Amino acid sequence: MTTTTYPQVLTRRMTEHPADSHTLARYEATGGYQQARAAMGMTREQLVETVKESGLIGRGGAGFSAGMKWSFLAPPRPSYLVVNGDESEPGTFKDRQLLERDPHQMIEGIIIASVANEVHEAFIYIRGEYPKPARRVQHAIDEAYAAGYLGDGIFGSDYQLDVTVHLGGGAYICGEETALINSLEGRRGEPRLKPPYFPAAKGLYMLPTIVNNVETVSNLPHILEMGADAYKALGHDKDTGTFLFSVSGHVKRPGNYELPHGITWRELIFDIAGGMLDGRELKAWIPGGASAPWFVPEEHLDMPITKDDCGQAGSMLGSGAVIVMDDSTCMVKAAERVVRFFAHESCGQCTPCREGTTWMQQILARIEEGHGRAVDLDLLLDVSDNISPGLAWPPKMTTICPLGPSAVSPVTSLAKYFREEVEAHVTEGRCPLG
Amino acid sequence: MADLVKITVDGKEIEVEAGTPVIDAAIDNGTYIPHFCHHSRLEPVGLCRMCLVELETPRGMVLTPSCTLPASEGQVIHTKTPVVDKAQEGVLEFLLINHPLDCPVCDKGGECPLQDQTLGYGPGESRFVEEKRHFEKPVPVSDLVLLDRERCILCSRCVRFAEEVAGDPLIEITARGNQAHIETFPDEPFSSYFSGNTVQICPVGALTATAYRFRARPWDLRKVESTCPHCTAGEAIEIDASQNQVLRFNGIDADATNQGWLSDKCRFGFEFIGSAERLTVPLVRDGDGFRESTWAEALDLVAERLGAVIESRGGEAVAGFGGARGTNEDAYAFSKFMRAVVGSNHIDARMDDAPAAELLAAVQPRATIGDLDTASTILLWGPDLKEEAGTLYLRVRQAVQKRGAKLVVVHPRRTGLDDRATWKFTYRPGTGFGTLEAFASGAGDFAEARKALDEGPVVAVVGLTGMTEDPTLATAVAAFAAGLPDAKILPVARRSNTFGALDMGCAPGLLPGRVSFGDADAVAAFEAAFGAVPDHAGLDTSGMLEGLANGDLAAAVLVGADPVRDVPDGALARRALEAADFVVALDLFLTDSSSLADVVLPAEGFAEKEGTFTNLEGRVSKVNRIVAGPGQTQPDWSILEEIARRMGRPMGFDSAETVAEEIATVAPAYADLRWRDVERKKPEGVLLDGGWYTPKAPAGPDVDADMVLHLARTLYDDGVAMRQSLSLHHLAPGGVAYLHPGDAERLGVTEGDQVVVVGSAGEATLPVRFDPSLPAGVVYVPFNQAGVPSLGAGAAVEVRSA
């Protein structure tokens with residue numbers, strides 16, 4: 001167990017004070033709301049510049065600079081801040097912990113982000129299957145209102161900020177920022193066209209809107225507290241700050257780990273997460289959520305975990321969801337399960353995603369059941385190509401949003417690393433793993 | 001007009017307005033890009049992904065939908081690269097994997113964009129070996145439209161039409177992914193007056209119309225362009241027929257008029273043409289009934305009886321009703337017949353339900369429908385356009401909803417445009433003059449709306465709000481509008497070719513070509529063509545009916561007129577026709593009126609004859625023949641010519657086109673207008689100039705009564721064309737008395753109870769329904785509903801619990 005050797009920032013309070021880290025009393029006793037108070041005295045430019053300098057990368061999975069995202073905000077006002085807590089990528093469960101166990105940390109971040117962007121109305125969109133985190137957040141908001149940290153004249157200033165919690169209705173796609181905005185407005189959760197509907201220009205109710213992830217916002221008090229340079233130093237090269245990994249699957253110690261970038265996958269899986277269960281062998285892992293192409297031990301185990309290294313290896317860190325699979329895993333079944341997820345979660349707008357993902361799932365299920373044909377893997381790849389032309393990384397799309405191309409990742413991974421296993425399903429007429 | 005930009009499509013440089021969707025720019029300039037969800041009259045959404053093209057960018061080629069790509073300077077677009085071809089083939093394969101291959105029994109088969117684009121861009125074979133998706137089908141989404149969710153490709157055209165164009169967002173995509181499908185809301189059908197448009201724009205056979213389902217194969221259809229026979233907006237339509245049966249109307253995208261859309265009444269109101277109840281032989285009265293006769297016998301009888309009346313009582317003892325249901329040529333022949341053969345100016349195409357003829361025919365400055373697209377404020381003081389002029393309603397809605405024009409609505413109750421009105425004023429029928437005075441002065445609540453009208457351009461849509469309204473109120477409103485700094489007037493009246501008929505002189509005070517009796521030179525010019533013309537205006541419809549009823553007049557000629565159903569005082573019309581010495585009716589059916597005639601002559605109807613219509617803007621367009629009239633039917637002009645010859649005063653017509661040539665010679669507003677010119681301008685037609693009437697403002701008295709009647713038309717009613725269109729007839733609301741809940745309470749009745757409404761000329765017992773949009777002291781009764789006696793045109797009524 002080596003996690004304590006790395007500095008804890010976002011998870012420190014919940015680790016040290018597990019019983020009451022979610023309360024305002026504990027939050028303030030451990031230095032909380034001082035940075036929001038300080039932000040009230042800073043200019044918008046100072047705040048945006050500090051965040052830019054910190055190199056904070058959005059933690060929602062797309063890997064885009066948070067400060068840059070803020071600077072795109074179009075001038076017309078009012079503008080909105082939407083905090084994306086619709087954590088629904090399979091294998092991702094870090095926001096849940098932040099929402100449930102340190103909601104004031106996020107609220108303080110919301111205040112900072114709002115002041116930095118002249119926002120007076122913020123929304124927290126929480127995944128519908130997260131009732132307890134939502135209750136904790138609502139309670140924390142109530143505490144903050146009572147304390148004068150939200151509402152009219154926060155911290156004795158003349159600044160007004162209201163925060164509203166909204167629960168999602170159970171759609172993965174509402175984690176996509178424009179679909180989330182549609183959902184907030186009461187519409188079907190369908191991604192909007194970009195252009196013209198970039199949230200920074202035409203977002204919620206067609207007004208400029210910043211959409212930031214829970215973890216991204218939760219970082220803000222720490223950036224102000226320690227300063228941009230110290231924050232950068234926590235991380236590794238371009239990947240500044242700490243990063244929450246959600247490790248799940250066939251490891252001895254699954255869970256959330258706050259770590260710097262730059263460690264290797266071997267360290268993460270075998271040291272930090274305790275290695276494989278029951279002495280099984282590592283077969284493959286998904287490095288950054290269900291949308292990410294898979295990694296295999298032969299090629300990637302000693303690779304440092306950075307955004308760039310992952311990208312160059314044809315995958316991504318995404319939202320930090322690491323799903324580890326051992327040698328008892330049928331890779332056809334694993335791919336089928338991931339594709340089934342995306343087919344189920346497709347909003348249905350775009351033809352290739354609506355029709356293609358289900359078709360791919362049907363083919364994979366047929367192979368898994370032993371009814372595959374020799375042509376099926378090539379068919380799968382060609383269907384994939386019609387959703388994501390060229391099967392390139394980062395993916396090209398025939399669709400509005402990347403959900404459809406996400407379903408292609410397991411298929412290309414299967415073809416790249418486990419073609420023989422697929423062929424064995426076909427020739428043996430059953431799953432070779434039994 | 002937006003700036004012009006140059007873009008390059010497949011190496012060809014084209015110049016388009018900045019912001020035009022690239023797909024439209026390409027298609028308009030000869031490069032076809034396949035598509036399903038894109039429709040040039042709907043907002044682009046980029047769903048089907050069929051119109052993908054490659055765009056050159058600094059980071060290389062990007063695959064992007066061309067429907068959501070606004071044209072901007074210097075864009076370089078490629079529509080036929082291997083990447084595009086593969087993507088489009090892929091999209092088609094995806095669309096087809098779950099699409100049933102039931103094309104042989106699908107209405108759309110043969111005119112199906114999915115079939116056509118599969119041929120052009122699709123894969124040659126299917127690689128799909130799984131089970132296709134299944135849904136229960138078909139499911140009715142409205143009384144007129146059925147949905148097959150297996151055929152649906154989720155392009156959302158129907159959803160977008162309902163929300164963006166019709167303003168009836170009653171149809172949506174529900175569920176998601178592979179199970180996404182079109183659905184209506186629970187217990188709330190897609191009961192839109194415009195539902196049929198979704199059938200026309202559906203790119204597959206998912207939405208089908210009950211009136212057309214399984215009736216034809218598209219390749220068997222004969223097609224002809226024509227003009228809608230129901231509305232006065234002059235919608236461009238295509239008539240489809242097979243085996244001498246009219247089977248379908250579709251809207252044509254004429255920018256000047258309907259932009260492709262039709263109300264369901266216009267779209268499905270073709271069934272009357274092929275009705276088994278059409279008259280096919282002349283009928284001659286025989287006691288209480290009729291007997292069939294030969295044309296010769298019937299025509300001789302008409303000539304003899306009319307001649308006898310003229311000889312004994314003079315030509316001015318004869319009244320002429322109608323002209324609005326036929327072509328301009330028929331109307332001209334009728335007008336000339338009354339003036340030159342009979343010698344009477346007693347002729348009216350209006351059924352006592354329209355504003356002054358001069359206002360409708362010759363108002364100036366007159367607006368076009370297209371002027372609504374650029375108006376900064378629209379004043380609507382007239383009928384509920386949703387009920388009485390469907391496509392005009394859509395045009396106004398579009399101006400407000402899409403472009404943000406301001407809208408002022410003044411009406412006695414809620415209207416279909418209230419949800420988009422910037423200002424809405426509700427007033428008691430009978431208090432229009434007082435309301436207008438207050439409005440014009442900008443008093444109180446009217447201040448902002450009144451002020452908005454001082455900034456142009458303004459279009460004032462003016463007509464009768466209801467049938468108990470003093471028709472001169474419309475003139476007063478028009479006079480007010482004419483006095484605004486930058487306003488034009490669009491006069492509205494109902495019934496088919498009313499505007500054409502008035503232009504042809506089917507009006508007591510107008511001669512053909514919008515000539516007033518006050519214009520001595522023009523009247524003198526007619527003497528040359530017509531012989532003697534009575535030098536004074538005749539009686540209008542109510543005057544003629546009263547004259548017949550009290551014996552001042554002796555005979556009536558009905559040309560496609562059904563005053564018993566159509567005038568507010570139907571009982572008077574019945575008395576008038578019963579009292580007349582002689583009545584001849586030219587009609588398609590034995591109506592409540594023609595069945596009172598002494599001779600009924602079977603006329604050709606719409607789609608059976610050629611000619612022109614004139615719409616409410618004064619726009620002339622062609623109507624064309626595609627089927628033969630049933631039995632021995634004849635066109636109106638020919639029947640009237642035959643009678644004229646037998647009366648010794650032939651009019652000189654031997655074809656509809658010879659009538660048109662005479663119109664072009666003698667009718668000033670139609671000078672030199674030939675059919676070929678109208679044909680050449682298809683589908684827009686020819687907009688005529690020639691207004692001379694600047695409305696003056698006669699202030700009438702307001703009605704002071706405890707209860708007043710609002711009597712107004714609904715889209716569907718018991719008129720003869722509706723009665724004979726079986727798909728539509730059951731959609732009429734039927735007899736009902738709408739009351740404000742407060743009035744109902746005062747009367748001691750609630751919803752469903754019966755009340756007796758005692759009008760100025762009749763009474764009816766009707767079930768009560770609440771309408772909180774009514775002012776207190778108003779009862780609203782939809783006009784001309786089956787089984788409801790006529791109430792008369794007076795506003796003051798008595799209402800009591802039955």
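**Domains, a chain contact and a hairpin**

In this predicted model, chain A splits into three pieces according to the domain assignment: domain 1 covers residues 3-234, domain 2 runs over 242-326, and domain 3 takes in 331-428. Take domain 1 and domain 3 of chain A: their C-alpha centres sit 35 Å apart. The two still touch, with 10 residues of domain 1 of chain A and seven residues of domain 3 of chain A taking part in the contact. On the domain 1 side of this contact in chain A, seven residues are nonpolar, one is polar and two are charged.

Next comes the contact between the chains. Chain A puts in 26 residues, and chain B puts in 25. On the chain A side, three helices each supply at least two residues: α14 (331-345), α15 (351-368) and α16 (376-387). The biggest share of that side comes from α15(A), which gives eight residues. Sorted by character, the chain A residues that touch chain B come out as 10 nonpolar, 11 polar and five charged.

Chain B also offers a neat bit of strand pairing to look at. Here β8 (residues 171-174) and β9 (residues 181-184) of chain B run antiparallel to each other and are paired over four bridges. To find one of these pairings in the structure, start at I173(B): its bridge partner in β9(B) is I182(B). The two strands β8(B) and β9(B) form a hairpin with six residues between them, and in this hairpin A175(B) takes a positive phi near 60°.

How values were computed
Residues numbered from 1 in each chain as written. Chains lettered and ligands numbered in written order. Predicted model: local features only at pLDDT ≥ 70, side-chain atom pairs only at ≥ 80, totals over all residues. Nonpolar A, V, L, I, M, F, W, Y, C, P; charged D, E, K, R; others polar. Pairing = 2+ DSSP bridges. Domains from an automatic or database assignment.
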